[in-house]
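Colleague: I'm new to reading protein models, and I'd like to learn by going through one with you. Could we take it feature by feature?

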Amino acid sequence: MRWSLVVVVAIACGHPDRVTPTPTPVPVPVPVLDRPSVVCDRAVRCGIIGASQRAECEAPHSRLTLVWGSPDLLGFDALIAKHHVHPDPGGEQRCLAELARASCRDPATDTICGIGFRPLVPDVAPGGACTRWDECIDGFCSSQAACTGTCIARHPIGASCGANELCTDGTFCLDGTCRRRGVIGDACSDWQSCSDALFCDGFRPANESTHDRSPEVPGVCKPPRGIGESCAGAIDSHCRADLYCTWGDPAPTCQPTLARGAECRWLDACGDGLACRGLTLHGVTSDHHYAVARAGMCGPMLDAGEPCDPTAFVSGCPSAMRCDGATKQCRSTGHAGDRCESSWITKPHPDGEPLDNAGCVSANYCDVATRTCKKHLAIGEACTPQTFGVEDEPCFLGKCDAATHHCVTTCK
């Protein structure tokens, strides 16, 4: 005799004449992630800002534009009002969840989710007017930022490509035609010939020099290199995302990242959230990489006021700070109110030396009169022209008109 599972359960509980209904599952609420907390936690953990800047980072309209960007100057609200884009209701939470768990070694996550990010869905079809790529449902906007252009659809495999003709995802442009990107084992001729996460191993471009002429050598699409595999001679290491290339060694190989306190001989040698503090480079090796003059040590990022070595290629100061040459301490740099010289590089930078540029970051410019960083001005605001090529442009996505002394858009 076959009894139903429900009746058997009822008898086992002492109630053969009554069936207990199955309780309705209570949905577990999904925690709502707080944007300032997630973004600023990651910024501290990954060495973008110092721990002492944590509270300032969370403040509304924080001056730490290296983290926040300038969404007010990007005109998101105007695009929404024109129905060129609309908010993605779940986009921010999905992106924050990814940001909270992503490795510091994944810079794409910060680009997509962290800096001035706002989850928007494009509403302009191909052929419609646009001012930003964000507006186009398919393809891209033909104009430079802030100027009026047209949404142009990407072209499929077999279609033409070139100026103002981009190919769809998963394809690339070769000899004027959109072609499928290669899979493992396919022949390739450059980095874009292979599918995402693969690289073109062994490819060498043709050398047209009369002294050392040689034909192009095709490569083969391969997955990233594993532990112990050679990465010597490569422009990019092509090691797995959890590994690094020991370019500081005579025979570089892909190896696991190092723990706190370990000696390190390359910029990305240390584990998540650590820096190769004190690493000093000088000169160039035979395979065109910087040579190691002094090894560093893996350690957490420093903070404002902590001692650092201004001569080291990796000082250990967060991205939002620099190692002051006079005090030999980390200090905030590049943000509104910070001291500055200019964001323009006015003299050649020697190989292997740290780039000591006291400029301004993100949506700031270096004001000539005060030598402090100030927030970029919006189109239409009053401005003071500065010397182009040496000093910073005060206007965001435009220029300061010498005749009217107002920020204007310059469209080609």
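Colleague: Let's begin with strands. In which sense do strand β4 and β5 pair, and over how many bridges?

Modeller: First, keep in mind that this is a predicted model. As for the general idea, strands of a sheet pair through backbone hydrogen bonds, either parallel or antiparallel. Here, strand β4 (residues 140–141) pairs with β5 in the antiparallel sense, over 2 bridges. You can find one spot to look at: C141 has C151 in β5 as its bridge partner.

Colleague: Which other strand is joined to β5 (residues 149–152)?

Modeller: That's strand β3 (residues 129–130), which runs antiparallel to β5 and is joined to it by 2 bridges. To see the match-up, look at A129, which stands opposite T150 in β5.

Colleague: What is the strand order in the open sheet of 3 strands?

Modeller: Read across the sheet, the order is β13-β17-β14, and the pairing is antiparallel. β13 (263–264) and β14 (274–277) are at the edges with a single partner strand each, so one side of each has no neighbour in the sheet. Take the β13 side: β13 pairs with strand β17 (residues 296–300) in the antiparallel sense over 2 bridges. There, C264 has G296 of β17 as its bridge partner. While you're looking at strands, here's a handy rule: in a regular strand the side chains alternate between the two faces of the sheet.

Colleague: Now the whole chain. How many helices and strands does the chain have?

Modeller: There are 8 helices and 23 strands. Of the 412 residues in the chain, 36% are buried. The chain exposes about 23100 Å², with carbon and sulfur atoms supplying 58% of that. You can also ask how far along the sequence contacts reach: among those between residues at least 6 apart in sequence, 42% join residues at least 24 apart.

Colleague: On to helices. At what angle do helix α2 and helix α7 pack?

Modeller: Helix α2 (residues 35–45) and helix α7 (residues 91–101) pack at an angle of about 25°, and their axes are 10 Å apart. That makes α2 roughly parallel to α7. The cut-off behind that wording is that angles under 35 degrees count as roughly parallel. The crossing of α2 past α7 is left-handed.

Colleague: Which residues meet where α2 and α7 come together?

Modeller: A general idea helps here: an α-helix has 3.6 residues a turn, so residues three or four places apart point the same way. On the α2 side you have R35, V38, V39, R42 and R45, and they meet E92, L96, L99 and A100 in α7. Compare that with the buried residues of α2, which are R35, V38, V39, C40, R42 and A43. Just past the helix, α2 is followed by G47, with a positive phi near 75°.

Colleague: What should I make of a positive phi?

Modeller: Most residues other than glycine have a negative phi. Two residues here are worth a look. D175 isn't a glycine, yet its phi is positive, near 55°. You'll find D175 in the loop between β6 (171–174) and β7 (177–180). A197 isn't a glycine either, and its phi is about 75°. A197 sits in the loop between β8 (187–188) and β9 (199–201).

Colleague: Is D175 buried or exposed?

Modeller: Exposed: its relative accessible area is 70%. A197 counts as exposed too, at 62% relative accessibility.

Colleague: And in which loop is H335?

Modeller: H335 is in the loop between β19 (330–332) and β20 (364–366). H335 counts as buried, with 0% relative accessibility. Its C-alpha atom is 7.5 Å from that of K374, though the two are 39 residues apart along the chain.

Colleague: Which residues is F396 in contact with, leaving aside its neighbours within four places in sequence?

Modeller: Those are L73, L74, A363, H376, L377 and I379. F396 itself lies in the loop between β21 (373–375) and β22 (399–400), and at 17% relative accessibility it counts as buried. To see how sequence and space can part ways, try F396 and S70: they are 326 residues apart in sequence, but 9.7 Å apart in space, C-alpha to C-alpha.

Technical notes: Residues numbered from 1 in each chain as written. Predicted model: local features only at pLDDT ≥ 70, side-chain atom pairs only at ≥ 80, totals over all residues. Heavy atoms only, no water. Pairing = 2+ DSSP bridges. Helix = DSSP H or I, 4+ residues; strand = E, 2+ residues; numbered from the N terminus. Buried < 20%, exposed > 50% of the residue type's maximum accessible area, 1.4 Å probe, protein only. Contact = heavy atoms within 4.5 Å. Areas by Shrake-Rupley, 256 points an atom, 1.4 Å probe, with all protein chains shown as cover. Axes fitted to C-alpha atoms, helices over the stretch in contact; angles between N-to-C directions. Parallel < 35°, antiparallel > 145°, perpendicular 65-115°, else oblique. Left-handed = near helix turned anticlockwise from the far one by under 90°.
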